[in-house]
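This report goes through selected contacts in one protein model, residue by residue and helix by helix. Please keep the sequence and the structure in view while reading.

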Amino acid sequence: MKFSNGYWLLRDGVRAAHPVEVYDLTAEPDRVVVHAPTHRIRHRGDLLKGPVATVEFSSPMADVIGVSVTHFEGGLPREPQFALTTTDDEAQVSDSGSTLTSGALSVRLHRGDTWQIDFVVGGEVLTTSGPKGMGFMSLDGKHHVREQLDLGVGSLVYGLGERFGPLVRNGQVVDIWNADAGTSSEQAYKNVPFYLTNSGYGVFVNHPGQVSFEVASESVSRVQFSVEGQTMEYFVIYGPTPKEIIRKYTALTGKPALPPAWSFGLWLSTSFTTDYDEKTVSEFVDGMIERDLPLSVFHFDCFWMREFNWCDFEWDPRTFPDPEGMLERLKARDLHISVWINPYVAQRSPLFAEGVEGGFLLKKPNGDVWQWDLWQPGMALVDFTNPAARAWYASKLDALLEQGVDCFKTDFGERVPTDVAYFDGSDPERMHNYYTYLYNQTVFDVLRKRRGDGEAVVFARSATTGSQQFPVHWGGDCESTYESMAESLRGGLSLGLSGFGYWSHDIGGFEGTPDPALFKRWIAFGMLSSHSRLHGSSSYRVPWLFDEEAVDVLRVFSKLKARLMPYLWNAALQASTDGTPMMRAMALEFPDDPACTHLERQYMLGDSLLVAPVFSDDGEVSYYVPEGVWTDFFTGEEIHGPRWVKTTCDFLTVPLLVRPNTVLPLGAVDDRPDYAYADGVTLQMYGLADGARVTTVVGGSTFHTRRDGDNVHVDVESPPASWQVAFADGEEPVKATGAALTVGGV
């Protein structure tokens, strides 16, 4: 939201008040409270008017400093609030009270006739709130709190949720307001008021409602953020690396849960508006088995329920007359089952009257149930602020789990009205984005309670801060074009830079039917993503409907992903403990390489694999290789970086490079993602330098690899019954059965 008209003027109707000096401060052991007039105090007469800003500095954990800016304090507390985790690390306040330090990060208040707040590490300023940065802005009778933080020369901004435009946010206007708008606009399903920079810090605005960001736009050397109301809180998070920033942000707002291993396999869907019944489903599953295409999850989209009844959580008896028997038959084929749900109840659903009677549906201020006709005729929303409504909704899901369903696609949750009254009195503006948190938390808790920790997984479209705790999230409604494939990747990388560990997308695109070439290119990208799903809108996504080569492509990449699971599982564990996403923007993995800052058509999958999806029929692709001697996974060719590479790929390959000094564990199983990863594992050695030491954890075994001259030694803690070592030169693997192995002549 813009308030100024260029450098000198304000926009018509805007009144601004900015702190001009520290008038007084109160220093406590772990916080500082400042009163800052917005006009000069020349004499006592100037003490008779305001505004006066109350600015409080505190710290929830080491290396994180919170700043709260308030005009009027008399407002009632507004819910909801983000659930934040604090630690016992105490901040320290200097004797003068003008500096508060938390870990390595300090905030320094300037005393004197100029308002300035510096965030400092080791004597170096990370960013500053300078004169006319912080302020109270009034426009059209509405009061806003605004802050501006300086951006240094070369400082770049990332994050703010799953956004489909350019990965670097500089120059963009971002409104944190969830919307059901596809992947082709500035709107987003997953808005997160958190950004990180390449300058050693990130910023989290602790407001669940609408936050307006002007990222080097209204003021090209500052990031501006504002909220409507009388108070705003934000946290500056010191890294110094991007990974450390994300680790500390997710420590504050919640770590991603670890999804079950089976969820990393291929998901196949009925698609959305296609015709399907049990016969269709069986034909799809039979076709996958006959063609040796590994499948982990079968997903039933919306029409598993009767039309106009979404949701009633009842199988449509016309197409699925024996759901329990059908699910039992599918499970006999070792499949997990996903079904589509949303948080809405159509008027024709039997649950509508039940919800009205129980007071479970969101109401207007006059007590009527809020309804509209968009998506489902007469639909209402479940009021998840009502504990009884959450229990009611959860009970319907629990019945499906009892039938044999394993997980849920938690669709929608973005179009949440503001002209409503919540059961617990929550502020509708703040609930608009937060609604999806309560919705997905409710579903995830049911799964966790029924299936146990480590077995809960959803396929969610909407999200906000904290939603990373309820994975997995997918990119939403993309088109069947290369352009949409690229915008989906940008969205996924942006979400990963916003604290989300796992991400997926609809292989081939959702809207429209991809031509065979696009479908095959998207398969490679999809199977080299955290989670992989074949799903469309009005057309099926089984590969044999495209061409026979599509079957081959899916077989190659689905089997490859299964063999990569020992490596991918470690990346998943890292996401759950540190918040580091499995799919990483190059700028996250190589923050000191200036060539990586704007890269958005390639990514790192875990620590050691570089993936460059192909966005053309002819297979031409350009990608950047960071410093070192990398190895092409498919050919064994060594590629020396830093350099740009232009090459052409057939449909059975994609640029997949292995990082130098990598010991890549490849599993012995290629037809499922969940197996004993250490049994028969191959330790594939890539570019080990003399003196290199690499530790690789595979299941319950830990392999310690070292290279000394021409010899490679591997020692194992808790060795599996069999394992082997291989090199990228294509020679036969060297088998081992004990706790140590030495290979000479390397």
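In this predicted model, Trp115 touches Pro19, Val20, Glu21, Val22, Val34, Ala36, Val55, Ser129, Gly130, Pro131 and Met134, leaving aside residues up to four places away in sequence. Trp115 sits in the loop between E10 and E11. Its relative accessible area is 3%, so Trp115 is buried, the cut-off being under 20%. From Trp115 to Asp729 the C-alpha distance is 63 Å, and the two residues are 614 positions apart in sequence.

The strands on either side of that loop are joined by a salt bridge. Arg108 pairs with Asp118, with 3.2 Å between the closest N and O atoms. Arg108 belongs to strand E10 (residues 105-109) and Asp118 to strand E11 (residues 117-121), so the bridge ties together parts that are 10 residues apart in sequence. Asp118 is buried, with a relative accessible area of 2%, whereas Arg108 is partly exposed at 33%.

**Salt bridges**

Side chains of opposite charge can pair when their charged atoms come close. The structure holds 46 salt bridges, and three of these pairs are set out below.

| Pair | Closest N to O | Relative accessible area |
|---|---|---|
| Lys2 and Glu214 | 2.9 Å | Lys2 28%, Glu214 2% |
| Arg108 and Asp118 | 3.2 Å | Arg108 33%, Asp118 2% |
| Lys520 and Asp547 | 2.9 Å | Lys520 4%, Asp547 23% |

How far apart in the chain are Lys2 and Glu214? They are 212 residues apart, and the pair links distant parts of the chain: Lys2 is in the segment before strand E1 (4-5), and Glu214 is in strand E19 (residues 211-215). Lys2 counts as partly exposed at 28% relative accessibility, while Glu214 counts as buried at 2%.

The bridge between Asp547 and Lys520 also links distant parts of the chain, with the two positions 27 residues apart. Asp547 is in the loop between strand E31 (532-534) and helix H9 (548-563), and Lys520 is in helix H8. Which of these residues is buried, and which is partly exposed? Lys520 is buried, with a relative accessible area of 4%, and Asp547 is partly exposed at 23%. Elsewhere, salt bridges that share partners join Asp180, Asp411, Glu414, Arg415, Arg461 and Asp477 into one network.

**Helix packing**

Two packed helices are described by the angle between their axes and the distance between the axes. Helix H8 (residues 516-527), which holds Lys520, packs against helix H7 (residues 482-496) at an angle of about 15°, with the axes 11 Å apart. Angles under 35 degrees count as roughly parallel, and H7 and H8 are therefore roughly parallel to each other. Their crossing is right-handed. On the H7 side the contact is made by Tyr482, Ser484, Met485, Ser488 and Leu489, and on the H8 side by Ala517, Leu518, Arg521, Trp522 and Phe525. Sorted by class, this contact of H7 with H8 has seven nonpolar, two polar and one charged residues.

Helix H9 meets helix H10 (residues 565-578) with axes that come within 5 Å and cross at roughly 65°. Lys561, Ala562 and Arg563 of H9 make the contact with Met565, Pro566 and Leu568 of H10. By class, the residues of the contact of H9 with H10 are four nonpolar, no polar and two charged.

**Two buried strand residues**

Thr705 lies in strand E41 (residues 701-708). Is Thr705 buried or exposed? Thr705 counts as buried, because its relative accessibility is 2% and the cut-off is under 20%. Which residues does Thr705 touch, not counting those up to four places away in sequence? They are Val663, Met685, Leu688, Ala692, Arg693, Val694, Val712, His713 and Val714.

Trp723 is placed in strand E43 (residues 723-727). At 2% relative accessibility, Trp723 counts as buried. Its C-alpha atom is separated by 5.3 Å from that of Ala736, a residue 13 places away along the chain.

Methods. Residues numbered from 1 in each chain as written. Predicted model: local features only at pLDDT ≥ 70, side-chain atom pairs only at ≥ 80, totals over all residues. Heavy atoms only, no water. Axes fitted to C-alpha atoms, helices over the stretch in contact; angles between N-to-C directions. Helix = DSSP H or I, 4+ residues; strand = E, 2+ residues; numbered from the N terminus. Parallel < 35°, antiparallel > 145°, perpendicular 65-115°, else oblique. Left-handed = near helix turned anticlockwise from the far one by under 90°. Contact = heavy atoms within 4.5 Å. Nonpolar A, V, L, I, M, F, W, Y, C, P; charged D, E, K, R; others polar. Salt bridge = Lys/Arg side-chain N within 4 Å of Asp/Glu carboxyl O. Buried < 20%, exposed > 50% of the residue type's maximum accessible area, 1.4 Å probe, protein only.
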